[in-house]
Amino acid sequence: MLRPLSSADRGEWDRVRYRNREWLEPWEASSPEPGAAAPSFRRFVRSMREQARAGQSLPWLITELEPRSGRQELVGQLTVSSITLGSFRSATLGYWVDGAQAGRGIAPLAVAMATDYCFQHLRLHRMEINIRPENAKSLRVVEKLGFRDEGLRERFLHINGNWADHRSFALTAEEVPEGLVRRFTGGEDGITVRAAPR
């Protein structure tokens, strides 16, 4: 399930992020400003929710039903950002998944769900994902989903303290008229997307 990020998620989010700090650190966005500290969780959530209300982003948590407890467990995060309407109708998508859950198809399914939501409900035309060339696991996600490689962007984003090259991948709505989830899984059972607040 994709569901909106909220301040009530802090405890679980902190635990998952702490457990995955070495797994995620090489790919983390950072500020190019010297000495800049990461925002507090409260400030991060507030900023994400403000952007969501302004129609600029969709900050979602990726959760999975834990059969024994019946609880939706946090397994990652996915954010649709830079949502632009008008003649462009495009957005950028970023994500991370708990390292213990990697390789189970969670990331590609979450990306497919978010892409379908953006194409079908927001009527966007293009989704873009930017990935470090050495991030083999993320490259595998876009490969599985059929995102088109649009080339290298040099020193594109500030990552883990340095300006880093990224490869850009994109998909347009015409390329998946049946929906990306359907193409990836052959069906839609057990999939839920709850939109972030506007």
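Welcome! A good place to start is R17, whose charged end sits over the ring of W96, with 4.9 Å to the ring centre. Keep in mind that this is a predicted model. Aromatic rings also meet each other here, and the count comes to four aromatic pairs.

**Charges over rings**
- R17 places its charged end over the W96 ring, 4.9 Å from the centre of that ring.
- R21 has its charged end over the ring of Y18, and here the distance to the ring centre is 3.9 Å.

**Aromatic pairs**
- The count of aromatic pairs is four, and one of them joins W13 and F41, whose rings are tilted, with 4.9 Å centre to centre and 45 degrees between the planes.
- This pair links distant parts of the chain, since W13 belongs to helix α1 (residues 10-19) and F41 to helix α3 (residues 41-53), 28 residues apart.
- F41 also forms a tilted pair with F44, at 6.5 Å centre to centre and with 50 degrees between the planes.
- Both F41 and F44 lie in helix α3, three residues apart, which is about one turn of the helix.
- Taken together, ring pairs link W13, F41 and F44 into a cluster.

**Buried or partly exposed**
- W13 and F41 are both buried.
- F41 has a relative accessible area of 6%, so it counts as buried, because the cut-off for buried is under 20%.
- F44 has a relative accessibility of 21%, and therefore counts as partly exposed.

Definitions and conventions. Residues numbered from 1 in each chain as written. Predicted model: local features only at pLDDT ≥ 70, side-chain atom pairs only at ≥ 80, totals over all residues. Heavy atoms only, no water. Phe/Tyr/Trp six-rings, centres within 6.5 Å; stacked < 30°, edge-to-face > 60°. Helix = DSSP H or I, 4+ residues; strand = E, 2+ residues; numbered from the N terminus. Buried < 20%, exposed > 50% of the residue type's maximum accessible area, 1.4 Å probe, protein only. Lys NZ or Arg CZ within 6 Å of the ring centre and 35° of its normal.
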